[in-house]
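Welcome, and please open your viewer. We will go through this model one selection at a time, with a note on what you should find at each stop.

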Amino acid sequence: MDGITIYGQYKLHLLLLTCLLALLANPAAATSLNVSPLRLELSSSTPTSFLKLTNDDKTARVVQVELMAWSQKRQRNVFLPSDDIIVNPPIFTVAPGKTQIVRLGLRQPPTADHELAYRLFMTEVPQPQPAAPQTSQMRVVLRLSVPVFVSTQIAAAPALRWTAASDKDNTLQITATNTGNVHYQIRSFEVADSERSQVLAKESPGVYILPGRSWHWRLKAKTHWQADLFHLSAHTDLGDIDEDIRPH
């Protein structure tokens, strides 16, 4: 699965780089596909949902939709094709200025004791272009993704454990371990001295941590980490966290 993940990340990085170069070379050449909402949640009580994909460009766009089961391994996101959720339509054309509704529905009620995670990838299908004089424009192909979470049948029990370990070169490794049964999205966090008088390091990762998984950050302090206790403040999609951590 690591091979699949690395290959998928390589393709995504290459795609993002191509888009960035195109935008820098000629902003007018960019397409504009907007999706809402940015996250979907399904459950036994809410087995269906939908999202909207709007084409703000002047050209029709063909879009293919793929559902991927989402897991994490060694701080990597792993995506594998899945048919756990019905997606309709799987491919469609969005006319200029129009909106396409994509509907999702559970095939069966959830039975896992933890939240299940998926990603809905929406990829523009390149269309044949008429022959034209050579120009500096690049054709931009977009790929969007939306997290889809399926709630567990049992009560949600979010729990996040923070630990710290100091290193030789004045760095501190911060680890967040999700010991609960639902995801966390870490939007940002900062480490300060125990009196909260000085912020030593900040991060804005915007990462999801799925149940049973951990994420690590190596922070370079503005000053020496010579202390037995630090204070961590984090902003997550499940609320703010304020706690003291003792490095080891």
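**Into the core**

Begin by selecting Leu 51, Ile 85, Leu 104, Leu 120, Met 122 and Val 148: these residues have the most contacts inside the largest nonpolar core, which has 23 residues. Keep in mind as you look that this is a predicted model.

Next, centre on Leu 104. Which residues does Leu 104 touch, leaving out those up to four places away in sequence? Its partners are Leu 40, Pro 47, Thr 48, Ser 49, Phe 50, Ile 85, Ile 86, Val 87, Leu 120 and Val 148.

Apart from the largest core lies another one, of 22 residues. To find this other core, select Ala 164, Ile 174, Trp 215 and Ala 234, which are among its members.

**Along a sheet**

Now switch to a cartoon view and colour strands 11, 12 and 16. These 3 strands form an open, antiparallel sheet in the order 11-12-16. The edges are strand 11 (160-166) and strand 16 (214-220), each pairing on one side only. On average, and ignoring direction, neighbouring strands here are turned by 20° against each other.

Zoom in on strand 12, residues 171-178: 7 bridges join it to strand 16, and the two run antiparallel. Then pick Gln 173 and look across to strand 16, where Arg 218 stands opposite.

**Stepping back**

Finally, show the whole chain, with its 1 helix and 18 strands. Of its 248 residues, 40% count as buried. Turn on the surface to see about 14,000 Å² exposed, with carbon and sulfur atoms supplying 53% of that area. Among contacts with a separation of 6 or more, 66% are between residues 24 or more positions apart.

Note on methods. Residues are numbered from 1 along each chain as its sequence is written. This is a predicted model: local features need pLDDT of at least 70, side-chain atom pairs count only at pLDDT 80 or more; totals for chains, interfaces and linings use all residues. Side-chain values use heavy atoms; hydrogens and water are left out. A nonpolar core is a set of buried Ala, Val, Leu, Ile, Met, Phe, Trp, Tyr and Cys residues joined through side-chain atoms within 4.5 Å. Buried means under 20% relative accessible area, exposed over 50%, partly exposed in between (1.4 Å probe, protein chains only). Contact means heavy atoms within 4.5 Å. Helices (H or I, at least four residues) and strands (E, at least two) are DSSP runs, numbered from the N terminus. Accessible areas come from the Shrake-Rupley method with a 1.4 Å probe; for residues, only the protein chains shown count as cover. Two strands pair if DSSP finds at least two bridges between them. Axes are lines fitted to C-alpha atoms, for helices over the stretch in contact, and angles run from 0 to 180 degrees between N-to-C directions.
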